[in-house]
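Work through the exercises below with the model open beside you. Try each task before reading its solution.

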Amino acid sequence: MKEPSAEAHANVTEHNVETRAQLLPEERAVGESADPQKQAELILAESEERTIHPDPDDAQGGHRQSADTADLP
């Protein structure tokens, strides 16, 4: 994956980083991170990047608009 854009990084709040830096139970089983704050910031920025600039080739990428759905009879 490419580096998240400045726009994606700007959407990441300090509160979100602090919250995400707390490991989930399944993450604790794998082990501690050397820098949980930095790891959390990158995870959140990558998520923001996928939201801001969805991959049109990814079936799960992007938000669908109601106009994108099939017309039902």
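The exercises go from the whole chain to single residues, and the model is a predicted one.

**Exercise 1. The chain as a whole**

Task: Find how many helices and strands the chain has, and which pattern it follows along the sequence.

Solution.
- Step 1. Count the elements: the chain has 4 helices and 0 strands.
- Step 2. Read along the sequence: the pattern is α-α-α-α.
- Step 3. Turn to burial: of the 73 residues, 15% are buried.
- Step 4. Look at the surface: the chain exposes about 5,900 Å², and carbon and sulfur atoms supply 51% of it.
- Step 5. Take the contacts with a separation of 6 or more: residues 24 or more positions apart account for 60% of them.

**Exercise 2. The span of helix H4**

Task: Work out what span helix H4 should have, and check it against the distance between its end C-alpha atoms.

Solution.
- Step 1. Helix H4 covers residues 36-52, which is 17 residues.
- Step 2. The expected span is 1.5 Å times one less than the number of residues.
- Step 3. For H4 this rule gives 24 Å.
- Step 4. The end C-alpha atoms of H4 are 24 Å apart, so the two values agree.

**Exercise 3. The buried side of H4**

Task: Name the buried residues of H4. Then say what covers them.

Solution.
- Step 1. The buried residues of H4 are Ala40, Leu44, Ala45 and Glu49.
- Step 2. Their cover includes helix H1 (6-10) and helix H2 (14-20).
- Step 3. Take Glu49 as one case from H4. Its relative accessible area is 4%. Buried means under 20%, so Glu49 counts as buried.
- Step 4. List the contacts of Glu49, leaving aside neighbours within four places in sequence: Lys2, Pro4, Ser5, Ala8 and Pro54.

**Exercise 4. Val17 and its partners**

Task: Is Val17 buried or exposed? Which residues does Val17 touch, not counting those up to four places away in sequence?

Solution.
- Step 1. Place the residue: Val17 is found in helix H2.
- Step 2. Val17 has a relative accessible area of 10%, so it is buried.
- Step 3. Val17 touches Val12, Gln37, Ala40, Glu41 and Leu44.
- Step 4. Compare sequence with space: Val17 and Lys38 are 21 residues apart in sequence, yet their C-alpha atoms are 8.2 Å apart.
- Step 5. Repeat with Gln39, which lies in H4. Gln39 and Val17 are 22 residues apart in sequence and 8.8 Å apart in space, C-alpha to C-alpha.

**Exercise 5. The largest cavity**

Task: Find what lines the largest cavity, and which element gives the largest share of the lining.

Solution.
- Step 1. Count the cavities of 30 Å³ or more: there is 1.
- Step 2. The largest cavity holds about 50 Å³ of space.
- Step 3. Its lining is made of Arg20, Ala21, Leu23, Glu27, Ser33, Pro36, Gln39, Ala40 and Ile43.
- Step 4. H4 gives the largest share of this lining, with 4 residues.
- Step 5. Sort the lining by type: 5 nonpolar, 2 polar and 2 charged.
- Step 6. Check Gln39 from the lining: at 38% relative accessibility, Gln39 counts as partly exposed.
- Step 7. Check Ser33, which lies in the loop between helix H3 (25-30) and H4. Ser33 has a relative accessible area of 23%, so it is partly exposed.
- Step 8. Ser33 and Ala21 both line the cavity. They are 12 residues apart in sequence and 9.2 Å apart in space, C-alpha to C-alpha.

Definitions and conventions:
Residues numbered from 1 in each chain as written. Predicted model: local features only at pLDDT ≥ 70, side-chain atom pairs only at ≥ 80, totals over all residues. Heavy atoms only, no water. Helix = DSSP H or I, 4+ residues; strand = E, 2+ residues; numbered from the N terminus. Buried < 20%, exposed > 50% of the residue type's maximum accessible area, 1.4 Å probe, protein only. Contact = heavy atoms within 4.5 Å. Areas by Shrake-Rupley, 256 points an atom, 1.4 Å probe, with all protein chains shown as cover. 1 Å grid on protein atoms, 1.4 Å probe; cavity = no way out; pocket = protein on both sides within 12 Å on 5 of 7 lines; lining within 4 Å. Points joined across faces, edges and corners; volume = space filled by probe spheres on them. Nonpolar A, V, L, I, M, F, W, Y, C, P; charged D, E, K, R; others polar.
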